[in-house]
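Student: I would like a close look at a single part of this structure, together with the elements that surround it. Please give one connected account, and set out any cut-off on which the reasoning depends.

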Amino acid sequence: MSDENGAGQPLDLLLRLLDLERLELNLFRGQNRDIGSGRVFGGQVLAQALVAAGRTVEGRQAHSLHGYFMLPGDVRTPIVYQVDRIRDGRSFTTRRVLAIQEGREIFSMLCSFHLEEPGIEHGAPLPDVPRPEALPRELDLVRAMAERIPERLREVYTQDRPIDFRPVAPVDPFAPEAREPAKHVWFRAEGAMPDEPIAHQAVLAYASDYGLLGTALLPHGLSFLMRRVQAASLDHAVWFHRGFRVDDWLLYSTDAPAASGARGFTRGSIFTRDGALVASTAQEGLLRLTAKP
């Protein structure tokens with residue numbers, strides 16, 4: 001398996017990160033990439049676990065996954081994914097995946113796959129927002145404020161990315177203003193993707209954890225860069241409704257209907273640019289305010 005820190009374009013490196021090494025029939029190993037948090041990014045574990053489950057299924061595509069984050073992952077240590085083949089039915093296949101580091105279970109996931117079949121169809125409408133071509137790249141916005149980013153994080157935060165995110169209404173993470181707990185972000189992979197559906201689902205799962213929990217901070221004028229905000233994903237779910245490509249533009253519309261008890265609940269809808277609802281997400285996360293200034 002290639003090292004994620006080796007040479008190549010950011011999308012190529014992400015695809016290598018998701019190309020797990022098979023250790024045994026139901027056992028896989030994945031490497032890590034630090035995106036600035038100092039611990040393994042939750043979207044990475046989610047996507048790698050989906051790939052591990054998918055490696056044990058033939059002729060069916062994932063339609064839902066439900067994961068729980070139990071311990072923070074160490075970016076310096078590879079993750080072993082153990083797949084339990086729970087059920088192979090006539091239409092549905094169920095897999096359980098455990099992510100393990102140094103003998104400790106850091107993440108667990110149930111994933112279901114479905115044999116493609118026809119049925120009734122409808123979907124929520126595409127929100128009325130500007131098209132991605134009219135919006136700046138989030139990376140360019142971040143680079144424009146590079147001097148405000150702590151030096152220890154500056155290089156990681158401003159590095160090239162495998163996914164181009166374009167927020168409709170950007171938030172200043174250093175001086176956020178309170179606003180409605182909802183946001184819209186266009187995204188697509190920065191390059192051509194392989195045709196395998198599991199690759200597109202894995203990259204979408206990876207991207208779905210990016211900024212989702214932060215939606216719950218919007219009405220409070222808070223951001224993850226504030227030292228007094230302690231945040232962590234607790235669980236994450238994705239439902240895949242229909243086929244899509246992540247190298248075409250997708251709109252991620254999220255809202256946060258509730259926050260209480262040091263937890264925030266968020267949910268999201270992902271649309272193609274022509275209006276098809278292709279996936280839905282939900283997440284609860286820890287949002288604790290500390291005494292730090």
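Tutor: A residue is called buried when its relative accessible area is under 20%, exposed when that area is over 50%, and partly exposed in between. The model under discussion is predicted. With that cut-off, strand S12 is the part to examine: ten of its 13 residues are buried, so the strand is largely enclosed by the rest of the structure.

The setting of S12 is an open sheet of twelve strands, paired in the antiparallel sense. Their order is S1-S2-S4-S5-S6-S3-S9-S12-S11-S10-S8-S7, which places S12 between S9 and S11. The edges are formed by strand S1 (21-24) and strand S7 (163-167), each of which pairs on one side only. From one strand to the next, the twist averages 25°. In general, the strands of a sheet pair through backbone hydrogen bonds, and the pairing may be parallel or antiparallel.

The two neighbours of S12 can now be taken in turn. On one side, strand S9 (residues 229-240) runs antiparallel to S12 (residues 277-289), and eleven bridges join the two. The register can be followed residue by residue: Ala-231 stands opposite Leu-287, and Ala-232 stands opposite Leu-286. On the other side, S11 pairs with S12 over nine bridges, again in the antiparallel sense. Here Ser-269 has Ser-280 of S12 as its bridge partner. S11 and S12 also form a hairpin, with four residues between them. In the turn, Gly-275 has a positive phi of about 105°.

Beyond S11 comes strand S10, where Ala-259 lies. Ala-259 counts as partly exposed, because its relative accessibility is 46%. Its C-alpha atom is 19 Å from that of Tyr-210, a residue 49 positions away along the chain. The loop between S10 and S11 contains Ala-262, which has a positive phi of about 65° although it is not a glycine. Ala-262 also counts as partly exposed, at 33% relative accessibility.

The helical surroundings of S12 come next. Helix H5 lies across S12 and also across S3, S7, strand S8 (182-189), S9, strand S10 (250-260) and strand S11 (263-272). Relative to S9, H5 runs at about 150°. Helix H2 lies across strand S2 (27-30), strand S3 (61-69), strand S4 (79-88), strand S5 (92-101), strand S6 (104-114) and S9, and runs at about 55° to S6. S3 and S9 are among the strands that H2 lies across, and they are also among those that H5 lies across.

The two helices also meet each other. The axes of H2 (residues 42-54) and H5 (residues 197-208) come within 7 Å and cross at roughly 155°. H2 is therefore roughly antiparallel to H5, and their crossing is right-handed. From H2, the contact involves Gly-43, Gln-44, Leu-46, Ala-47, Leu-50, Val-51 and Gly-54. H5 contributes Ile-198, Gln-201, Ala-202, Ala-205, Tyr-206 and Ser-208. Sorted by class, this contact has eight nonpolar and five polar residues, with no charged ones.

H5 has a further helical partner in H1 (residues 10-18), whose axis is 11 Å from that of H5 and packs at an angle of about 105°. H1 is therefore roughly perpendicular to H5. Leu-14, Leu-15 and Leu-18 of H1 make this contact with Ala-202, Val-203 and Tyr-206 of H5. By class, the contact of H1 with H5 has six nonpolar residues, no polar residues and no charged residues. Ala-202 and Tyr-206 of H5 thus take part in the contact with H1 and also in the contact with H2.

The far side of the sheet completes the picture. The edge strand S1 runs antiparallel to S2, and three bridges join them. Within this pair, Leu-27 of S2 is the bridge partner of Glu-24. A hairpin through two residues joins S1 to S2. Further along the chain, Glu-102 lies in the loop between S5 and S6 and has a positive phi of about 50° although it is not a glycine. Glu-102 is exposed, because its relative accessible area is 69%.

In sum, S12 is largely enclosed by the rest of the structure, with S9 joined to it by eleven bridges, S11 paired with it over nine, and H5 lying across it.

Key:
Residues are numbered from 1 along each chain as its sequence is written. This is a predicted model: local features need pLDDT of at least 70, side-chain atom pairs count only at pLDDT 80 or more; totals for chains, interfaces and linings use all residues. Side-chain values use heavy atoms; hydrogens and water are left out. Axes are lines fitted to C-alpha atoms, for helices over the stretch in contact, and angles run from 0 to 180 degrees between N-to-C directions. Angles under 35 degrees count as roughly parallel, over 145 as roughly antiparallel, 65 to 115 as roughly perpendicular and the rest as oblique. A crossing is left-handed if the near helix is turned anticlockwise from the far one by less than a right angle, and right-handed if clockwise. Contact means heavy atoms within 4.5 Å. Ala, Val, Leu, Ile, Met, Phe, Trp, Tyr, Cys and Pro count as nonpolar, Asp, Glu, Lys and Arg as charged, and the others, Gly among them, as polar. Two strands pair if DSSP finds at least two bridges between them. Buried means under 20% relative accessible area, exposed over 50%, partly exposed in between (1.4 Å probe, protein chains only).
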